[in-house]
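Thank you all for coming. Please take a moment to look at the sequence and the structure that I am putting up now, and then we will go through a few places together.

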Amino acid sequence: MDNFTFWSPTKFVFGRDTESLTGNLVKQFGGNRVLLVYGGGSVVRSGLLDRVKKSLDEAGVMWEEMGGICPNPTDDRVYEGIDMVRDHKIDFLLAVGGGSVIDTAKAIACGVPYDGDFWDFYCGKKVVEKALPVGVVLTIPAAGSEGSGNSVITKKDGLIKLSLRTESALRPRFAVMNPELTFTLPQYQTGCGIVDMMAHIFERYFSNTPDCETTDRLAEGLLTAIINEARKIMADPYDYEARANIMWSSTLAHNGLCGTGRAEDWASHFMEHELSAIYDVAHGAGLAVVNPAWMSYVSRTNPAKVAQFAIRVMGVSPDNRTETEIAEEGISRLKEFYRSIGMPVTLGELGIDSPDFERLVAKLHEHKGNPIGSYVKLSPADTAEIYKMML
Ligand code: NZQ
Ligand code: ZN
């Protein structure tokens with residue numbers, strides 16, 4: 001196991017009706033004037049936004065609002081938010097929604113105290129030193145942004161989707177997590193979230209660092225729980241306990257715990273970010289296409305960990321077969337599972353009929369360098385082949 005620092009200071013407040021505590025939580029973390037950030041309307045239709053506003057009013061917290069954040073959020077709304085925060089002397093960002101809303105709030109939070117362009121942080125020119133505090137009321141278990149120090153924004157000019165990773169500066173001060181809020185999710189979005197949280201575990205699990213039994217077993221346990229609970233949600237979307245288990249899994253998948261003491265990979269995420277930047281597909285759906293193709297490709301040269309996943313999580317029995325054969329059966333079971341939760345597993349099923357492979361590969365390596373990944377280091381020739389395996 002490698003040396004590591006694990007710093008996860010978010011206060012998680014989990015369970016039924018917890019959104020009524022939002023105002024007090026904002027106060028507890030020093031907020032007096034809040035910018036409420038939310039998405040395209042689900043929180044308005046469900047009545048959640050009104051309940052959150054009531055909680056803020058009761059706690060004596062002033063608020064302004066900025067709605068209409070789209071999935072795969074873009075830089076234009078961040079600039080707008082930075083102006084609003086400065087004009088209204090806002091001191092706290094409150095995201096009510098999923099990854100897209102939270103990531104926009106985080107981008108605003110680090111952009112406000114900085115004199116230059118907030119994009120400097122995303123393209124790696126500057127490191128975030130200061131940020132306004134961010135709080136979250138989570139409505140979709142998926143991106144894990146409620147417990148991560150990360151934010152992913154797309155620059156409209158050039159469709160450049162980049163992730164910013166901070167150790168603690170952008171970790172939310174608190175995250176309110178009421179599983180009942182996820183009852184209104186369309187099945188497709190539930191499925192996307194499930195794939196995304198599994199992918200966050202894969203990026204850490206597929207590692208060459210030896211002797212990480214604790215985090216291997218944590219990852220395998222989480223993956224097993226996610227698959228089992230996902231099946232229950234597909235059968236009954238109003239199953240509170242299954243929704244609760246999935247919601248907590250999404251946080252544990254991405255708050256850094258599963259990556260402690262080991263090299264991480266992230267090539268699949270980088271490959272997906274190019275797909276969602278150019279074709280505006282849902283991140284989780286994109287990963288359902290990328291992950292199996294990536295696993296098949298890396299199993300050609302480094303099958304050990306994929307075979308371990310196949311046996312321990314997907315229930316494949318070794319039967320004197322080679323590791324590559326075992327890995328392949330695990331991958332095919334994974335695809336079957338994705339299909340069973342309504343997810344695409346090919347680019348065509350994702351709605352991308354004529355992918356521009358050259359552009360995808362060129363952008364990928366321009367943004368992320370050469371090679372990418374760690375479990376198997378991938379050159380442009382490798383990533384071109386992986387994209388083609390998604391057809
Ligand atoms: O916009 P509204 O109307 O709210 O609808 C949203 C949106 O259309 C809907 N939704 C959310 N909660 C709902 C609901 N509909 C009904 N009932 C509810 N309770 O779901 C749709 C998707 O929302 P979005 O926030 O885009 O989903 P997600 O949480 O999957 O976030 C995706 C974004 O996060 C980034 C992705 O790349 C993508 O841009 N990621 C962020 C990460 C991070 N910050 O750590 C890590 C991830 O790997 C990921 O890259
Ligand atoms: Zn993800």
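With which side chain does the side chain of histidine 200 make a polar contact? The partner is aspartate 196, and the two side chains make their polar contact at 2.8 Å. Please keep in mind, as I go on, that what you see is a predicted model.

Let me stay with histidine 200 for a moment, which lies in helix α7. Its relative accessibility is 3%, and because buried means under 20%, histidine 200 counts as buried. If we set aside residues up to four places away in sequence, histidine 200 touches Ala142, Ala143, Ala253, His254, Trp266, His269 and His283.

One of those partners, alanine 143, deserves its own look, and you will find it in the loop between β5 and β6. At 24% relative accessibility, alanine 143 counts as partly exposed, and, leaving aside neighbours within four places in sequence, it is in contact with Gly99, Asp196, His200 and His254. Alanine 143 and histidine 283 are 140 residues apart along the chain, and yet their C-alpha atoms are separated by 8.8 Å.

Now to the ligand. Which residues come nearest to ligand 1? Of the 32 residues around ligand 1, the nearest are Gly40, Ser42, Gly99, Ser100 and His200, so here we meet again the histidine with which we began, in helix α7. Sorted by class, the shell around ligand 1 holds 20 polar residues, 9 nonpolar ones and 3 charged ones. If you would like to trace the shell on the screen, look at α5, which covers residues 99-111, at β6, residues 150-155, at α7, residues 187-205, and at α10, residues 267-279, each of which supplies at least two residues of that shell.

I would like to name three particular approaches to ligand 1. An oxygen atom of ligand 1 is 2.6 Å from a polar backbone atom of glycine 40. A nitrogen atom of ligand 1 is 2.8 Å from an N or O atom in the side chain of aspartate 103, and a nitrogen atom of the ligand also has a backbone N or O atom of leucine 181 at 2.9 Å. As for the cover, ligand 1 has 960 Å² of accessible area on its own, and the protein covers 89% of that.

Next, asparagine 291, whose place is in helix α11, residues 283-299. Is asparagine 291 buried or exposed? It counts as buried, because its relative accessibility is 2%. The side chain of asparagine 291 is joined to that of serine 268 by a polar contact of 3.5 Å, and, leaving aside neighbours within four places in sequence, asparagine 291 is in contact with Ala199, Phe202, Ser268 and Tyr338.

Arginine 173 is found in the loop between β7 and β8, and at 31% relative accessibility it counts as partly exposed. Its C-alpha atom and that of proline 133 are separated by 6.5 Å, although the two residues are 40 residues apart along the chain. Not counting residues up to four places away in sequence, arginine 173 touches Pro9, Thr10, Lys11, Phe29, Pro133 and Val134.

A few points about the backbone come next. Lysine 89, in the loop between α4 and β4, has a phi near 55°, a positive value in a residue other than glycine. Aspartate 280, in the loop between α10 and α11, likewise is not a glycine and has a positive phi, of about 50°. Lysine 89 is exposed, with a relative accessible area of 65%, and aspartate 280 counts as exposed at 54% relative accessibility. There is also a cis peptide bond, with omega about 5°, which joins asparagine 370 and proline 371, and proline 371 lies in the loop between α15 and α16.

Finally, a word on confidence. Where pLDDT is low, the predicted coordinates should not be read in detail. Here the protein averages a pLDDT of 98, and 100% of the residues score at least 70. In the protein, confidence is lowest in strand β7, residues 160-165, at a mean of 96, while it is highest in strand β5, residues 134-138, at 99.

Conventions. Residues numbered from 1 in each chain as written. Chains lettered and ligands numbered in written order. Predicted model: local features only at pLDDT ≥ 70, side-chain atom pairs only at ≥ 80, totals over all residues. Heavy atoms only, no water. Near = heavy atom within 4 Å. Polar contact = N/O pair within 3.5 Å; in protein donor to acceptor, adjacent residues only side chain to side chain. Areas by Shrake-Rupley, 256 points an atom, 1.4 Å probe, with all protein chains shown as cover. Helix = DSSP H or I, 4+ residues; strand = E, 2+ residues; numbered from the N terminus. Nonpolar A, V, L, I, M, F, W, Y, C, P; charged D, E, K, R; others polar. pLDDT = per-residue confidence, 0-100. Buried < 20%, exposed > 50% of the residue type's maximum accessible area, 1.4 Å probe, protein only. Contact = heavy atoms within 4.5 Å.
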